[in-house]
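Reader: I have a structure to go through before I set anything up. Can you put it on screen and take some questions?

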Amino acid sequence: MITTYHNFVANQFARNEVAQYRFTPNGFSAFFAWYRNNEGYSEWLGTFRGKSLSLSQTHCLLDAYLIHGNRAVSEIPAIISILARVLDLHVPDMGMVVSSYRNGLNHSRLAA
């Protein structure tokens with residue numbers, strides 16, 4: 001099952017009592033900022049290794065870069081090609097992915 005980056009980090013926070021104590025009183029928002037800056041995406045990206053992704057799962061993957069990483073939609077082809085090569089991913093046609101973003105057909109943003 002594919003999970004959003006936000007939910008992945010939330011699960012890390014929920015399982016880590018030290019982090020819950022350390023980041024009090026700001027809680028999850030402070031932990032999320034720390035995790036993104038210090039741990040990045042590598043552990044989360046490892047959960048995608050060797051998978052064939054649907055269009056919505058590809059959007060979930062890209063949302064981490066577009067929303068949390070402040071990347072532009074124009075960078076989608078480069079992001080996908082690098083991740084596909086490094087993680088041995090099988091993704092939908094690049095033209096379909098890019099056009100669905102440009103046409104606002106991104107459903108996974110609601111979960112982020």
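Reader: How many salt bridges does the structure hold?

Author: One salt bridge. Bear in mind that this is a predicted model.

Reader: Which side chains meet in the salt bridge?

Author: Those of Arg71 and Glu75, at 3.7 Å from N to O. Side chains of opposite charge can pair when their charged atoms come close.

Reader: Is Arg71 buried or exposed?

Author: In between. Arg71 has a relative accessibility of 43%, so it counts as partly exposed. Glu75 is also in the partly exposed class, with a relative accessible area of 29%.

Reader: On to helix packing. What is the angle between H5 and H6?

Author: About 115°, with the axes 11 Å apart. H5 covers residues 55-68 and H6 covers residues 76-87.

Reader: What is the handedness of the crossing of H5 and H6?

Author: Right-handed.

Reader: Which residues in H5 and H6 meet?

Author: From H5 there are Thr58, Leu61, Leu62, Tyr65 and Leu66. They meet Ile76, Ile79, Ile80 and Leu83 of H6. By type, the contact of H5 with H6 has eight nonpolar residues, one polar and no charged.

Reader: Backbone next. Where is Asn70, and what is its phi?

Author: Asn70 is in the loop between H5 and H6. Its phi is near 55°, which is positive although the residue is not glycine.

Reader: Is Asn70 buried or exposed?

Author: Asn70 is exposed, because its relative accessible area is 65% and the cut-off for exposed is over 50%.

Reader: What about Asp88, what is its phi?

Author: Near 55°, again a positive value in a residue other than glycine. Asp88 sits in the loop between H6 and helix H7, which spans 94-102. With 47% relative accessibility, Asp88 is classed as partly exposed.

Reader: Which residue touches Asp88 from the loop between H4 and H5?

Author: Gly50, which lies in that loop between H4 and H5. Leaving aside residues up to four places away in sequence, Gly50 touches Leu87, Asp88 and Leu89. The relative accessible area of Gly50 is 44%, so this residue is partly exposed.

Reader: How far is Gly50 from Asn16?

Author: Their C-alpha atoms are separated by 28 Å, and the two residues are 34 apart along the chain.

Reader: I want a couple of other C-alpha distances. How far apart are Arg85 and Leu55?

Author: 18 Å, with their positions 30 residues apart along the chain. Arg85 belongs to helix H6 and is exposed at 63% relative accessibility.

Reader: And Gly46 to Gly69, how far apart in space?

Author: 17 Å, C-alpha to C-alpha, at 23 residues apart in sequence. Gly46 is in helix H4, residues 42-46, and counts as partly exposed at 37% relative accessibility.

Reader: Last topic, the start of the chain. Where is Thr4 placed?

Author: In the segment before helix H1, which runs over 5-14. A polar atom of the Thr4 side chain lies 3.1 Å from the backbone nitrogen of Asn7.

Reader: Is Thr4 buried or exposed?

Author: Buried. Thr4 is at 11% relative accessibility, and buried means under 20%.

Reader: Fine, that covers my list.

Conventions
Residues numbered from 1 in each chain as written. Predicted model: local features only at pLDDT ≥ 70, side-chain atom pairs only at ≥ 80, totals over all residues. Heavy atoms only, no water. Axes fitted to C-alpha atoms, helices over the stretch in contact; angles between N-to-C directions. Helix = DSSP H or I, 4+ residues; strand = E, 2+ residues; numbered from the N terminus. Left-handed = near helix turned anticlockwise from the far one by under 90°. Contact = heavy atoms within 4.5 Å. Nonpolar A, V, L, I, M, F, W, Y, C, P; charged D, E, K, R; others polar. Buried < 20%, exposed > 50% of the residue type's maximum accessible area, 1.4 Å probe, protein only. Salt bridge = Lys/Arg side-chain N within 4 Å of Asp/Glu carboxyl O. Polar contact = N/O pair within 3.5 Å; in protein donor to acceptor, adjacent residues only side chain to side chain.
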